[in-house]
Amino acid sequence: MDKLQRYRMVCTLSFGDIYGQIVIWLIVIFLSLATALALWSTTRQIYALATVGLILVLSLPFLLFAFVTTLLNHIEFTPLTLEESTRTSPVNLPPQETAQVIS
C-alpha cells in the first residue's frame, strides 16, 4: 500500500428523486389529522391525540429509511487518474501583485 488511490465523490440526488416520498409523507400527516378530527369528541380527546402520535411515530422510521437509502443510492465514487484533480471548479484567485520595496 505504497500509493493511495484518490476518488471523486459526486452526489446526483435531485428534488425529483425524493418528491414522491415527500408527497406520501404529507398524505400520511393529513390522514392522521383527519383521523384525529374524526375521533375528537369531549370523551375521546386522548384517543385522538394518541392516534396522531402513534401514526407519526410509527411512520417516521420508514420515512427516514427511505430518505437515507435514496441519498446513498445517488452517491457515486469514481477513481481519479493522475492528471485529474479533486477540485471540480477552478478557484478564482485575485492576480498576485509583485511586492515593491520602498526605500
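**Two helices that cover each other**

In this predicted model, H1 is part of what covers the buried residues of H2. The reverse also holds, since helix H2 (45-73) is among the elements covering the buried residues of H1. On the H2 side, the buried set consists of Ala-48, Val-52, Ser-59, Leu-63 and Thr-70. On the H1 side, the list reads Ile-18, Gln-21, Trp-25, Ser-32 and Ala-36.

Thr-70 gives a handy look at how the two helices meet. This residue belongs to helix H2, and its relative accessibility is 12%, so Thr-70 falls under the 20% cut-off and counts as buried. Leaving aside residues up to four places away in sequence, Thr-70 touches Leu-13, Asp-17, Ile-18 and Gln-21. Two of these partners, Ile-18 and Gln-21, turn up again among the buried residues of H1.

As for the helices themselves, H1 covers residues 15-39. With 25 residues at 1.5 Å each, H1 should span 36 Å, and its end C-alpha atoms do sit 36 Å apart, so expectation and model agree. H2 has 29 residues and runs 42 Å from first C-alpha to last, close to the 42 Å expected at 1.5 Å a residue. H2 does have a kink, though: a bend of about 30° lies at Leu-60, shortly before the proline Pro-61.

H1 also has residues out on the surface. Leu-31 is found in this helix, and with a relative accessible area of 54% it passes the 50% cut-off, which means that Leu-31 is exposed. Leu-31 joins Phe-15, Tyr-19, Val-23 and Ile-27 in a nonpolar surface patch, and together these side chains account for about 510 Å² of accessible area.

Zooming out, the chain holds two helices and two strands, and reading from the N terminus the order is β-α-α-β. Buried residues make up just 11% of the 103 residues. The chain exposes about 9200 Å², with carbon and sulfur atoms supplying 67% of that area. Finally, if one takes the contacts between residues at least 6 apart in sequence, 81% of them link residues at least 24 apart.

Definitions and conventions
Residues are numbered from 1 along each chain as its sequence is written. This is a predicted model: local features need pLDDT of at least 70, side-chain atom pairs count only at pLDDT 80 or more; totals for chains, interfaces and linings use all residues. Side-chain values use heavy atoms; hydrogens and water are left out. Patches are made of residues with over 30% relative accessible area and no salt bridge: like charges are joined within 9 Å, nonpolar side chains (Val, Leu, Ile, Met, Phe, Trp, Tyr) within 5 Å. Accessible areas come from the Shrake-Rupley method with a 1.4 Å probe; for residues, only the protein chains shown count as cover. A salt bridge is a side-chain nitrogen of Lys or Arg within 4 Å of a carboxyl oxygen of Asp or Glu. Helices (H or I, at least four residues) and strands (E, at least two) are DSSP runs, numbered from the N terminus. Buried means under 20% relative accessible area, exposed over 50%, partly exposed in between (1.4 Å probe, protein chains only). The expected span of a helix is 1.5 Å times one less than its number of residues. Contact means heavy atoms within 4.5 Å. The bend at a residue is the angle between axes fitted to the seven residues ending there and the seven starting there.
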